[in-house]
Amino acid sequence: MSITTQTWRVGAATITRVEEQVGPNDSVAGHFLPDLDRARFEPHFDWLVPTHYDPVHDRLITSNHSWLIRTDDLTILLDTCAGNHKERPWLPRFHQLNVPFLERLEAAGAKPQDIDIVLCTHLHADHVGWNTRLENGRWVPTFPNARYLFSRIENEAWDPEVGNRRQENPGRACMYDDSVLPVIQAGQAQLLEGLHEITGALRVEPTPGHTPGHVVLKLLEEGGGAVFCGDTIHHPIQVCEPDWSTRFCGDPVLARVSRRKVLEHCAEQRSLLFPTHFAAPHVAAVDRAGEGRYRPRFVHCC
(Lines give C-alpha, C1' and ligand atoms only; values in the text may rest on other atoms or scores of the structure.)
Protein backbone atom coordinates (compact mmCIF):
# COMPACT_ATOMS: atom_id res chain seq x y z
CA MET A 1 0.00 0.00 0.00
CA SER A 2 1.37 3.43 -0.97
CA ILE A 3 2.04 6.01 1.73
CA THR A 4 -0.59 8.15 -0.01
CA THR A 5 -3.25 5.47 0.49
CA GLN A 6 -3.55 3.41 3.67
CA THR A 7 -6.44 1.24 4.80
CA TRP A 8 -8.02 0.41 8.17
CA ARG A 9 -10.89 -1.96 8.90
CA VAL A 10 -13.64 -1.16 11.40
CA GLY A 11 -16.18 -3.94 11.66
CA ALA A 12 -17.37 -4.69 8.13
CA ALA A 13 -16.24 -1.31 6.80
CA THR A 14 -13.02 -0.67 4.89
CA ILE A 15 -11.62 2.83 5.37
CA THR A 16 -8.86 4.17 3.14
CA ARG A 17 -6.99 7.44 3.49
CA VAL A 18 -6.47 9.21 0.16
CA GLU A 19 -3.78 11.86 0.49
CA GLU A 20 -3.66 15.23 -1.18
CA GLN A 21 -0.65 16.61 0.71
CA VAL A 22 1.23 16.60 4.03
CA GLY A 23 3.44 19.37 5.35
CA PRO A 24 3.98 22.25 7.77
CA ASN A 25 1.35 24.91 8.31
CA ASP A 26 1.89 28.37 6.87
CA SER A 27 2.04 30.02 10.31
CA VAL A 28 3.78 29.35 13.63
CA ALA A 29 2.11 27.07 16.15
CA GLY A 30 0.94 29.84 18.46
CA HIS A 31 -0.73 31.67 15.59
CA PHE A 32 -2.55 28.56 14.42
CA LEU A 33 -3.58 27.67 18.00
CA PRO A 34 -4.03 31.03 19.79
CA ASP A 35 -4.66 29.31 23.15
CA LEU A 36 -1.40 27.33 22.97
CA ASP A 37 0.50 27.32 26.27
CA ARG A 38 4.19 26.58 25.66
CA ALA A 39 4.69 25.15 29.14
CA ARG A 40 1.96 22.58 28.46
CA PHE A 41 2.90 22.05 24.81
CA GLU A 42 6.58 21.18 25.18
CA PRO A 43 6.13 18.08 27.40
CA HIS A 44 4.47 16.42 24.39
CA PHE A 45 7.50 16.83 22.12
CA ASP A 46 8.54 13.22 22.70
CA TRP A 47 5.65 12.05 20.52
CA LEU A 48 4.84 15.20 18.52
CA VAL A 49 8.35 15.60 17.02
CA PRO A 50 9.09 15.16 14.16
CA THR A 51 5.84 13.80 12.67
CA HIS A 52 3.34 16.31 14.07
CA TYR A 53 5.51 19.31 14.94
CA ASP A 54 8.66 20.91 13.56
CA PRO A 55 10.40 22.66 16.51
CA VAL A 56 13.08 24.27 14.33
CA HIS A 57 10.52 26.32 12.39
CA ASP A 58 7.78 26.18 15.06
CA ARG A 59 5.26 24.69 12.65
CA LEU A 60 2.51 22.19 13.28
CA ILE A 61 2.57 19.49 10.61
CA THR A 62 -0.76 18.50 9.11
CA SER A 63 -2.11 16.27 6.41
CA ASN A 64 -4.91 17.03 3.99
CA HIS A 65 -6.71 13.87 2.96
CA SER A 66 -10.07 12.30 2.23
CA TRP A 67 -11.54 9.18 3.77
CA LEU A 68 -12.87 6.55 1.38
CA ILE A 69 -15.40 4.51 3.36
CA ARG A 70 -16.69 1.28 1.85
CA THR A 71 -19.47 -0.85 3.33
CA ASP A 72 -21.30 -3.77 1.74
CA ASP A 73 -23.51 -1.49 -0.35
CA LEU A 74 -22.10 2.06 -0.17
CA THR A 75 -18.96 3.89 -1.24
CA ILE A 76 -18.57 7.20 0.59
CA LEU A 77 -15.95 9.91 0.18
CA LEU A 78 -15.66 12.12 3.25
CA ASP A 79 -14.14 15.60 2.78
CA THR A 80 -12.62 16.38 -0.60
CA CYS A 81 -9.46 18.35 0.22
CA ALA A 82 -8.47 21.54 -1.64
CA GLY A 83 -8.73 20.41 -5.26
CA ASN A 84 -6.74 21.19 -8.37
CA HIS A 85 -6.59 24.50 -10.23
CA LYS A 86 -8.49 26.37 -7.51
CA GLU A 87 -7.77 30.08 -7.09
CA ARG A 88 -6.76 30.41 -3.42
CA PRO A 89 -4.11 33.15 -3.20
CA TRP A 90 -5.03 33.84 0.43
CA LEU A 91 -4.17 30.18 1.22
CA PRO A 92 -0.78 29.55 -0.41
CA ARG A 93 -0.73 25.89 0.56
CA PHE A 94 -3.92 25.26 -1.42
CA HIS A 95 -3.46 27.70 -4.30
CA GLN A 96 -3.48 26.36 -7.87
CA LEU A 97 -2.62 22.78 -6.92
CA ASN A 98 -1.87 20.11 -9.50
CA VAL A 99 -1.95 16.90 -7.47
CA PRO A 100 -2.71 13.34 -8.71
CA PHE A 101 -5.53 12.94 -6.20
CA LEU A 102 -7.94 11.13 -8.52
CA GLU A 103 -5.19 8.73 -9.52
CA ARG A 104 -4.62 7.99 -5.84
CA LEU A 105 -8.35 7.49 -5.36
CA GLU A 106 -8.37 5.00 -8.23
CA ALA A 107 -5.34 3.24 -6.73
CA ALA A 108 -7.40 2.92 -3.55
CA GLY A 109 -10.05 1.11 -5.59
CA ALA A 110 -12.60 3.76 -6.53
CA LYS A 111 -13.12 5.80 -9.68
CA PRO A 112 -15.15 9.04 -9.54
CA GLN A 113 -18.23 7.28 -10.94
CA ASP A 114 -18.07 4.69 -8.14
CA ILE A 115 -18.74 7.19 -5.35
CA ASP A 116 -22.29 6.99 -4.00
CA ILE A 117 -22.07 9.73 -1.36
CA VAL A 118 -19.77 12.70 -0.81
CA LEU A 119 -20.01 14.08 2.71
CA CYS A 120 -18.46 17.45 3.52
CA THR A 121 -18.05 17.95 7.26
CA HIS A 122 -18.03 21.71 6.55
CA LEU A 123 -17.49 24.11 3.67
CA HIS A 124 -13.96 25.40 4.23
CA ALA A 125 -11.80 25.47 1.11
CA ASP A 126 -9.67 22.47 2.09
CA HIS A 127 -12.73 20.24 2.53
CA VAL A 128 -14.67 20.92 -0.68
CA GLY A 129 -12.08 21.29 -3.45
CA TRP A 130 -12.52 17.97 -5.22
CA ASN A 131 -16.28 18.39 -5.17
CA THR A 132 -15.70 19.77 -8.66
CA ARG A 133 -13.16 19.61 -11.47
CA LEU A 134 -12.43 21.91 -14.37
CA GLU A 135 -13.87 20.67 -17.66
CA ASN A 136 -13.75 22.82 -20.81
CA GLY A 137 -13.44 25.95 -18.67
CA ARG A 138 -16.39 25.06 -16.39
CA TRP A 139 -16.52 23.66 -12.89
CA VAL A 140 -18.53 20.43 -12.91
CA PRO A 141 -19.17 17.81 -10.18
CA THR A 142 -16.25 15.38 -10.00
CA PHE A 143 -18.41 12.50 -8.83
CA PRO A 144 -21.28 12.22 -11.32
CA ASN A 145 -23.32 9.58 -9.51
CA ALA A 146 -22.93 10.87 -5.96
CA ARG A 147 -25.25 12.60 -3.56
CA TYR A 148 -23.31 15.42 -1.93
CA LEU A 149 -24.27 15.87 1.72
CA PHE A 150 -23.65 18.93 3.85
CA SER A 151 -25.52 20.88 6.48
CA ARG A 152 -28.20 23.34 5.48
CA ILE A 153 -26.96 25.65 8.25
CA GLU A 154 -23.47 25.43 6.77
CA ASN A 155 -24.69 26.24 3.28
CA GLU A 156 -26.67 29.23 4.52
CA ALA A 157 -23.64 30.45 6.47
CA TRP A 158 -21.42 30.59 3.36
CA ASP A 159 -23.86 31.37 0.53
CA PRO A 160 -22.35 34.59 -0.92
CA GLU A 161 -25.71 35.84 -2.18
CA VAL A 162 -26.85 36.49 1.39
CA GLY A 163 -26.47 40.14 2.36
CA ASN A 164 -23.17 41.74 1.34
CA ARG A 165 -21.05 38.61 1.69
CA ARG A 166 -19.82 38.61 -1.90
CA GLN A 167 -18.40 42.10 -1.50
CA GLU A 168 -17.13 41.54 2.05
CA ASN A 169 -15.34 38.26 1.37
CA PRO A 170 -14.66 37.70 -2.35
CA GLY A 171 -12.32 34.79 -1.57
CA ARG A 172 -15.06 32.92 0.24
CA ALA A 173 -17.45 33.67 -2.62
CA CYS A 174 -14.91 32.31 -5.11
CA MET A 175 -14.64 29.07 -3.14
CA TYR A 176 -18.41 28.67 -2.99
CA ASP A 177 -18.81 29.45 -6.68
CA ASP A 178 -16.25 26.90 -7.86
CA SER A 179 -16.72 24.07 -5.35
CA VAL A 180 -20.25 24.19 -3.90
CA LEU A 181 -22.59 26.00 -6.28
CA PRO A 182 -21.96 23.70 -9.29
CA VAL A 183 -23.02 20.72 -7.17
CA ILE A 184 -26.23 22.48 -6.14
CA GLN A 185 -26.95 23.57 -9.71
CA ALA A 186 -26.46 19.98 -10.90
CA GLY A 187 -29.14 18.81 -8.46
CA GLN A 188 -26.70 16.56 -6.60
CA ALA A 189 -26.70 18.34 -3.22
CA GLN A 190 -28.71 17.17 -0.22
CA LEU A 191 -28.84 19.69 2.61
CA LEU A 192 -29.07 18.02 6.01
CA GLU A 193 -31.07 19.15 9.03
CA GLY A 194 -29.83 18.03 12.46
CA LEU A 195 -29.16 14.32 12.90
CA HIS A 196 -29.19 12.32 9.68
CA GLU A 197 -28.98 8.56 9.28
CA ILE A 198 -27.33 7.38 6.07
CA THR A 199 -27.84 3.80 7.26
CA GLY A 200 -28.48 2.29 10.66
CA ALA A 201 -24.72 2.16 11.21
CA LEU A 202 -23.75 5.51 9.65
CA ARG A 203 -25.01 8.68 11.35
CA VAL A 204 -24.26 12.34 10.67
CA GLU A 205 -24.33 14.55 13.77
CA PRO A 206 -23.92 18.32 14.20
CA THR A 207 -20.72 19.53 15.92
CA PRO A 208 -20.92 23.32 15.57
CA GLY A 209 -18.17 25.68 16.58
CA HIS A 210 -15.42 25.37 14.03
CA THR A 211 -18.10 26.48 11.59
CA PRO A 212 -21.83 27.01 12.22
CA GLY A 213 -22.96 23.82 10.49
CA HIS A 214 -19.98 21.53 11.02
CA VAL A 215 -20.90 17.83 11.24
CA VAL A 216 -19.16 14.55 12.01
CA LEU A 217 -19.87 11.06 10.72
CA LYS A 218 -20.18 8.24 13.22
CA LEU A 219 -19.74 4.61 12.21
CA LEU A 220 -21.54 2.65 14.89
CA GLU A 221 -20.24 -0.85 15.58
CA GLU A 222 -20.79 -3.05 18.63
CA GLY A 223 -17.68 -2.92 20.79
CA GLY A 224 -16.26 0.05 18.93
CA GLY A 225 -16.70 2.11 15.80
CA ALA A 226 -15.29 5.25 14.24
CA VAL A 227 -15.79 9.00 14.27
CA PHE A 228 -14.80 11.02 11.21
CA CYS A 229 -14.34 14.32 12.96
CA GLY A 230 -13.40 16.80 10.21
CA ASP A 231 -11.99 19.90 11.91
CA THR A 232 -13.70 19.37 15.26
CA ILE A 233 -10.24 18.06 16.14
CA HIS A 234 -7.66 19.49 13.77
CA HIS A 235 -4.32 18.46 15.34
CA PRO A 236 -3.47 15.63 17.77
CA ILE A 237 -2.36 18.06 20.49
CA GLN A 238 -6.06 19.00 20.78
CA VAL A 239 -6.81 15.51 22.07
CA CYS A 240 -4.62 16.32 25.07
CA GLU A 241 -5.65 19.98 25.14
CA PRO A 242 -9.29 20.07 23.96
CA ASP A 243 -9.72 23.70 25.03
CA TRP A 244 -7.21 24.88 22.41
CA SER A 245 -9.24 25.96 19.38
CA THR A 246 -7.65 26.96 16.08
CA ARG A 247 -7.70 30.48 14.68
CA PHE A 248 -10.09 29.19 12.02
CA CYS A 249 -12.77 28.26 14.57
CA GLY A 250 -15.63 30.71 14.14
CA ASP A 251 -16.89 30.14 17.69
CA PRO A 252 -13.92 28.88 19.76
CA VAL A 253 -16.02 28.30 22.89
CA LEU A 254 -18.62 26.18 21.09
CA ALA A 255 -15.82 24.38 19.24
CA ARG A 256 -14.40 23.29 22.62
CA VAL A 257 -17.79 21.89 23.64
CA SER A 258 -18.11 19.90 20.41
CA ARG A 259 -14.50 18.69 20.66
CA ARG A 260 -15.02 17.37 24.18
CA LYS A 261 -18.23 15.58 23.13
CA VAL A 262 -16.37 13.79 20.33
CA LEU A 263 -13.47 12.83 22.61
CA GLU A 264 -15.83 11.57 25.31
CA HIS A 265 -17.73 9.48 22.76
CA CYS A 266 -14.51 7.93 21.46
CA ALA A 267 -13.21 7.17 24.95
CA GLU A 268 -16.54 5.80 26.19
CA GLN A 269 -17.48 3.77 23.12
CA ARG A 270 -13.92 2.77 22.11
CA SER A 271 -14.47 4.38 18.73
CA LEU A 272 -11.43 5.20 16.62
CA LEU A 273 -10.85 8.82 15.66
CA PHE A 274 -10.44 9.43 11.92
CA PRO A 275 -9.42 13.10 11.55
CA THR A 276 -8.92 14.89 8.24
CA HIS A 277 -5.64 16.55 9.18
CA PHE A 278 -3.58 14.26 11.43
CA ALA A 279 -0.18 13.37 10.01
CA ALA A 280 0.98 9.73 10.13
CA PRO A 281 -0.22 7.38 11.42
CA HIS A 282 -3.38 9.48 10.93
CA VAL A 283 -5.82 7.46 13.11
CA ALA A 284 -6.03 7.30 16.90
CA ALA A 285 -7.83 5.63 19.74
CA VAL A 286 -8.71 8.02 22.55
CA ASP A 287 -7.66 6.96 26.04
CA ARG A 288 -8.63 8.65 29.29
CA ALA A 289 -5.85 10.48 31.11
CA GLY A 290 -7.72 11.67 34.21
CA GLU A 291 -10.93 13.60 34.77
CA GLY A 292 -11.84 15.37 31.54
CA ARG A 293 -8.40 14.56 30.11
CA TYR A 294 -7.49 12.39 27.11
CA ARG A 295 -4.51 11.20 25.14
CA PRO A 296 -4.20 9.78 21.62
CA ARG A 297 -2.99 6.23 21.01
CA PHE A 298 -2.13 5.97 17.35
CA VAL A 299 -3.41 3.01 15.36
CA HIS A 300 -1.46 1.95 12.30
CA CYS A 301 -3.17 0.78 9.14
CA CYS A 302 -3.73 -2.88 8.37
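**Notebook: loops, strands and one helix**

I began with P50, which lies in the loop between α3 (45-48) and β3 (53-54). The model I was reading is a predicted one. I looked up the peptide bond that leads into this proline from V49, and I recorded it as cis, with omega near 0°.

I then turned to a second proline, P281. I placed P281 in the loop between β15 (271-275) and β16 (284-288). The bond joining A280 and P281 is a cis peptide bond, and I noted an omega of about 5°.

**Entry on positive phi**

I next looked up backbone angles in two loop residues. Q96 has a phi near 50°, which is a positive value in a residue other than glycine. I located Q96 in the loop between β5 (75-78) and α4 (101-107). Is Q96 buried, exposed or partly exposed? Its relative accessibility is 38%, so I entered Q96 as partly exposed.

For N136 I found a phi near 55°, again positive in a residue other than glycine. N136 belongs to the loop between β7 (132-135) and β8 (138-141). I classed N136 as exposed because its relative accessible area is 78%, and the cut-off for that class is over 50%.

**Entry on T62**

I found T62 in strand β4, which covers residues 59-70. I entered T62 as buried because its relative accessibility is 2%, whereas the class requires a value under 20%. Which residues does T62 contact, once its neighbours within four places in sequence are left aside? I listed Q21, V22, G23 and N25, together with R93, H234, H235 and H277.

**Entry on G224**

I located G224 in strand β14, residues 224-230. With a relative accessible area of 10%, G224 is buried. I then checked which residues G224 touches, not counting those up to four places away in sequence, and I recorded Q269, R270 and S271. For one of these, Q269, I also looked up the separation of the C-alpha atoms. The C-alpha atoms of G224 and Q269 are 5.7 Å apart, although the two residues are separated by 45 residues along the chain.

**Entry on strands β11, β12 and β13**

I followed the pairing of β12 (residues 202-206) on both the β11 and the β13 side. How many bridges pair β11 with β12? I noted 3 bridges in the antiparallel sense, with β11 spanning residues 196-199. The connection between β11 and β12 is a hairpin through 2 residues. Within this pair, I saw H196 standing opposite V204 in β12.

β12 also runs antiparallel to β13 (residues 215-221), and I recorded 5 bridges between them. In this second pairing, L202 stands opposite L219 in β13. I added a reminder on strand geometry: in a regular strand the side chains alternate between the two faces of the sheet.

**Entry on helix α8**

Lastly I examined helix α8, residues 170-179. Which residues of α8 are buried? I listed G171, A173, M175 and Y176, followed by D178 and S179. I then looked up what covers these buried residues. The helices in the cover include α5 (125-128), α6 (152-158), α7 (165-168) and α9 (181-185). Strands β7 and β8 also contribute to the cover of the buried residues of α8. I had already met β7 and β8 as the strands on either side of the loop that holds N136.

Terms used. Residues numbered from 1 in each chain as written. Predicted model: local features only at pLDDT ≥ 70, side-chain atom pairs only at ≥ 80, totals over all residues. Heavy atoms only, no water. Pairing = 2+ DSSP bridges. Helix = DSSP H or I, 4+ residues; strand = E, 2+ residues; numbered from the N terminus. Buried < 20%, exposed > 50% of the residue type's maximum accessible area, 1.4 Å probe, protein only. Contact = heavy atoms within 4.5 Å.
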